[in-house]
Structures are given as C-alpha cells and as structure tokens.
Amino acid sequence: MRIRTLPLGLVIALAVAAPASAATRTETSTSGDVTATFTYDYKKSSFGTYDFSNLHVTIDRAGIRMVDEALEDTQCNGCSSWPADQGSKATQSVTTRDLDADDELEVLVDLYSGGANCCWFSVSYRFDEAQNKYVKKVLRPGLSFPYVLKDIDKNGIPEFRSVDYRFAYKYGSNADTPRPLRIFNWDAGKLVDVTIGFPRLAALDAADMYKGYLHYRKVKDVNVRGLLAAYLADSYNAGNGRTAWRRVVAAYRRGDVNKKIPGDIGPHGKAYLQSLRRFLKKLGYYHTK
C-alpha cells in the first residue's frame, strides 16, 4: 500500500498555528549497574510534536555519574538533533545493552536529523576501562528507527535489524522506494554489515518485495522501480542475485520500468537497468553468485 506523508514543513506550520503546550520528556534505560537517562523539551499541539530542544544525556555506572552532557546539533555535522521517537510514548530513544558479549554495557541514544522522511542516526557510548570513562561516537552508517535489537542467530551477541535507507528516493518518491533488509553487528563503536550472513531473512524480505511488484505493476500510475531495486538487493544477500536479475530484466522487457508517472524522477527503461547495477555495485550488494 502506498502511504503519502505530509511534508515536515507543513506539519510544523500547522503545529505552530494550533494552540501549543510545552513539555519535557525523560527516558531511562537501566541494565545491571548502568543507568542512562535522556531528557528533552518539546512543544505539542493537536497536530503533533515539534521544536525539540535541550537534549541531554547522563550515564551512571555503579552509582557514579560518568556522563553528564548536552547533545549538540554538531553530532551529525551541523544537522538538527531531535530525539528519534519525537515524543512518542510507544518507542524510546535510549537503550542500555551489552552489544558484544564482553560483559560491559553500552549506551545508545537514537536521534533524528530532520526532514520529511530521513534520517536517523545514533550516538554510542562505550566504557573504556583503561581511561575510566565512556567514549562517545556517532554510528556510521546510520540505523533506521525503530530498529530491532535481537540475538537473531543465538550466539549471545545481539544484531541490529534495520533497513537500508540509502534506497530512499533513488528511483522515485519516498513511498515508492521501500528499503531492503540490513542487519548489523556492533564492533567497538562501529556497525558492521552482516546481512549476507542471514540469507533466509533476506530471501523472505525479497519475496515480500517481489510480491509487491507483482501487485503494483497492474495498477495504473504506480512506480515499481523502487520495489524491484529493493528486491534485487535482498536477493543478492540471499544468494539469488542471478535469478533476481533475470526477473528485473524481464520486467524491463514488459515495459514495467519504462512508465513515466507525472512528477516521477530518475532513470527509466534501459537507463534504469544500468543505473541499478551501478548503484548496487557501489553499495556492495552486487555479487557474482
């Protein structure tokens, strides 16, 4: 189903026009002897939440405060820093978890950089025993939000189940460009892409993408190039890249990627095939198998 969202600027304009009230939210995550607290101020109206400010994080370890600092806008090279949950009580922007099974707890604070549909990033804190302090680092690449943090392969180390939002807007609008599966492991402040190690999950995601393509190719004025791009990426991670590529070429021959919808952008037809292969190679998806 295609879901269209209001531009963020319009949402903010509506919120400003409506009666607003100020609020402060405090989020706490505790595991073992580590407690992380994340607070921020914001405004809210009947149209939603906006104008986030005074983002602050503290980390207490065994009763001793080790971190007590503001999260400034420079965390993502000059972009805005908003809480990823944007005031929602259904989710939480701070997590305390042992991410590498070393019996040491890490802290993650998930943030949002602003914009209609993108992007999220996470600030990580890991304890360095030699320095007796927490080392802060912005995770690159970023995670989507909300992600799932779960030990998928039952080896004692949790994985981050996320999506690859580098596909957003590549071959159409946000609604027309679903993101393929992406799974990470944590490595001392870095995220390591391990999606290829979970071929069954990648195959299931690919199947969902292809099912969506089969449905929407019959619907007038619907762009399926984004669905096929995500399907192909998932298929390479599942070890079915060659079969998937033949299906994408077949879609081209049927004219499914030639449709130019009013307001649509990006390459079509044969140029789409060439662009898609270059894009997947650049991102590391393209494999020979």
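A charge sits over a ring if NZ of Lys or CZ of Arg is within 6 Å of the ring centre and within 35 degrees of the ring normal. With that in mind, here are legends for several close-up views of this predicted model.

**View 1. Two arginines sit over aromatic rings.**
The charged end of Arg 247 lies over the ring of Tyr 210, at 4.3 Å from the ring centre. A second example involves Arg 61: its charged end sits over the ring of Phe 127, 3.7 Å from the centre.

**View 2. The whole protein sets the scene.**
Before zooming in further, it helps to know the parts list. The protein has five helices and 13 strands. Of its 289 residues, 49% are buried. Among contacts with a separation of 6 or more, 55% are between residues 24 or more positions apart.

**View 3. Tyr 42 and Phe 52 form an aromatic pair.**
A pair of aromatic rings is described by the distance of the centres and the angle of the planes. Searching the whole structure turns up 18 aromatic pairs. In the pair shown here, the ring centres of Tyr 42 and Phe 52 are 5.7 Å apart and the planes meet at 25 degrees, so the pair counts as stacked; the cut-off for stacking is under 30 degrees. Tyr 42 belongs to strand 2 (residues 34-45) and Phe 52 to strand 3 (residues 48-61), ten residues apart. Both Tyr 42 and Phe 52 are buried.

**View 4. Tyr 171 meets Phe 279 edge-to-face.**
For this aromatic pair, the distance is 6.1 Å centre to centre, with 85 degrees between the planes of Tyr 171 and Phe 279. Tyr 171 comes from the loop between strand 11 and strand 12 (181-187), while Phe 279 comes from helix 5 (residues 269-283), so the pair ties together parts that are 108 residues apart in sequence. Tyr 171 and Phe 279 are both buried.

**View 5. Ring pairs build a cluster.**
Which residues do ring pairs link into a cluster? The members are Phe 38, Tyr 40, Tyr 42, Phe 52, Trp 82, Tyr 112, Trp 120 and Tyr 165. You have already met Tyr 42 and Phe 52 as a stacked pair.

**View 6. Strand 6 shows alternating side chains.**
In a regular strand the side chains alternate between the two faces of the sheet. Strand 6 follows this pattern: Val 94 and Thr 96 point to one face and are buried, whereas Thr 95 and Arg 97 point to the other face and are not buried. Strand 6 pairs with strand 7 in the antiparallel sense, over four bridges. Across from Val 94 you can find Val 109, in strand 7.

**View 7. Four strands form an open sheet.**
Strands of a sheet pair through backbone hydrogen bonds, either parallel or antiparallel. In this open sheet of four strands, the order is 10-11-12-13 and the pairing is antiparallel. Strand 10 and strand 13 (190-193) are the edge strands, as each pairs on one side only. On average, neighbouring strands of the sheet are turned by 35 degrees against each other, direction ignored. Look at strand 12 and strand 13, which run antiparallel and are joined by four bridges. Here Asn 185 stands opposite Val 192 of strand 13.

**View 8. Helix 3 is largely enclosed.**
What distance should the 13 residues of helix 3 (residues 225-237) span? At 1.5 Å a residue, the expected span is 18 Å, and the end C-alpha atoms are 19 Å apart, which agrees. Is helix 3 buried or exposed? Here 13 of the 13 residues are buried, so helix 3 is largely enclosed by the rest of the structure. After helix 3 comes Gly 239, with a positive phi near 85 degrees.

**View 9. Three loops hold less common backbone geometry.**
Most residues other than glycine have a negative phi, and most peptide bonds are trans. Ala 101 has a positive phi, near 55 degrees, and is found in the loop between strand 6 (94-97) and strand 7 (106-112). With a relative accessible area of 42%, Ala 101 is partly exposed. Lys 154 also has a positive phi, near 60 degrees. This lysine, Lys 154, lies in the loop between strand 10 and strand 11 (159-163). Lys 154 is exposed, with a relative accessible area of 67%. Finally, the peptide bond from Phe 145 to Pro 146 is cis, with omega near -5 degrees. Pro 146 is placed in the loop between strand 9 (133-138) and strand 10 (148-150).

Notes:
Residues are numbered from 1 along each chain as its sequence is written. This is a predicted model: local features need pLDDT of at least 70, side-chain atom pairs count only at pLDDT 80 or more; totals for chains, interfaces and linings use all residues. Side-chain values use heavy atoms; hydrogens and water are left out. Helices (H or I, at least four residues) and strands (E, at least two) are DSSP runs, numbered from the N terminus. The expected span of a helix is 1.5 Å times one less than its number of residues. Buried means under 20% relative accessible area, exposed over 50%, partly exposed in between (1.4 Å probe, protein chains only). Rings of Phe, Tyr and Trp (its six-membered ring) pair if their centres lie within 6.5 Å; planes under 30 degrees apart count as stacked, over 60 as edge-to-face and the rest as tilted. Two strands pair if DSSP finds at least two bridges between them. Axes are lines fitted to C-alpha atoms, for helices over the stretch in contact, and angles run from 0 to 180 degrees between N-to-C directions. Contact means heavy atoms within 4.5 Å.
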